[in-house]
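Dear colleague,

I am passing a structure on to you and would be glad if you looked through it with the notes below at hand. Please open it first, and then read on.

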Amino acid sequence: HIVSGIMKVKRALPENDDAIFNAPEMTNRRLIAIQRHLTSLVPILYFLNQQELIPVITSRLMMMSLQHGTSQYTPLSLSLFAFSMTVSMDFALCNRLTRLATRMMIERFKEDA
């Protein structure tokens, strides 16, 4: 599940970062709540030494943003997914995603930070 989730996200990522940056905001309150809960699980999993589950969560977070629009949790999702990608040594993608996450925090979601 881990590898297939990561590959699914990589295939779904648009070539142009502006496609993610300019995506409409997620309006589904249920999905936003799910994102909030999933992001809160990441530090718990890390603390419980269950880091192998973090890529599963980050892949789901990313797919929600790619399919349903961005939310205040998208920059964190981008950063966490980039962190997960360091294992595959795809540093160009890691750099791209962290820059996009930073740009989104500064320009789109600064009120939510």
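What follows describes the largest pocket and then the salt bridges.

Please keep in mind throughout that this is a predicted model.

The pocket

The largest pocket holds about 280 Å³ of space. It is lined by 14 residues, and those closest to its centre are Ile6, Pro55, Ser84, Met85 and Val87. Three elements give two or more residues to this lining, namely helix H1 (2-12), helix H4 (54-68) and helix H5 (74-85), and the largest share, 5 residues, comes from H1. Sorted by class, the lining of the largest pocket consists of 10 nonpolar, 3 polar and 1 charged residues.

The salt bridges

The count of salt bridges comes to 4, and you may find it easiest to go through them by the parts of the chain that they join.

Lys10 forms a salt bridge with Asp90, with 3.1 Å between the closest N and O atoms. Because Lys10 lies in helix H1 and Asp90 in the loop between H5 and helix H6 (91-107), this pair ties together parts that are 80 residues apart in sequence. Lys10 counts as partly exposed, at 29% relative accessibility, and Asp90 is likewise partly exposed, with a relative accessible area of 22%.

A salt bridge is also formed by Arg96 with Asp17, where the closest N and O atoms are 2.4 Å apart. Here too the pair links distant parts of the chain, since Arg96 belongs to helix H6 and Asp17 to helix H2 (residues 17-21), 79 residues apart. Arg96 has a relative accessibility of 22%, so this residue counts as partly exposed.

Within helix H6 itself, the side chains of Arg103 and Glu107 meet in a salt bridge, at 3.8 Å from N to O. Both residues of this pair, Arg103 and Glu107, lie in helix H6, 4 residues apart, which is about one turn of the helix. Arg103 is partly exposed, its relative accessible area being 28%. Arg103 and Glu107 do not stand alone, however, for Asp18 is linked with them in a network of salt bridges.

When you go back to the model, one place to begin is helix H1, which gives the largest share of the pocket lining and also contains Lys10, the partner of Asp90. Helix H6 could come next, with Arg96 linked to Asp17 and Arg103 paired with Glu107.

With best wishes

Technical notes:
Residues numbered from 1 in each chain as written. Predicted model: local features only at pLDDT ≥ 70, side-chain atom pairs only at ≥ 80, totals over all residues. Heavy atoms only, no water. 1 Å grid on protein atoms, 1.4 Å probe; cavity = no way out; pocket = protein on both sides within 12 Å on 5 of 7 lines; lining within 4 Å. Points joined across faces, edges and corners; volume = space filled by probe spheres on them. Nonpolar A, V, L, I, M, F, W, Y, C, P; charged D, E, K, R; others polar. Buried < 20%, exposed > 50% of the residue type's maximum accessible area, 1.4 Å probe, protein only.
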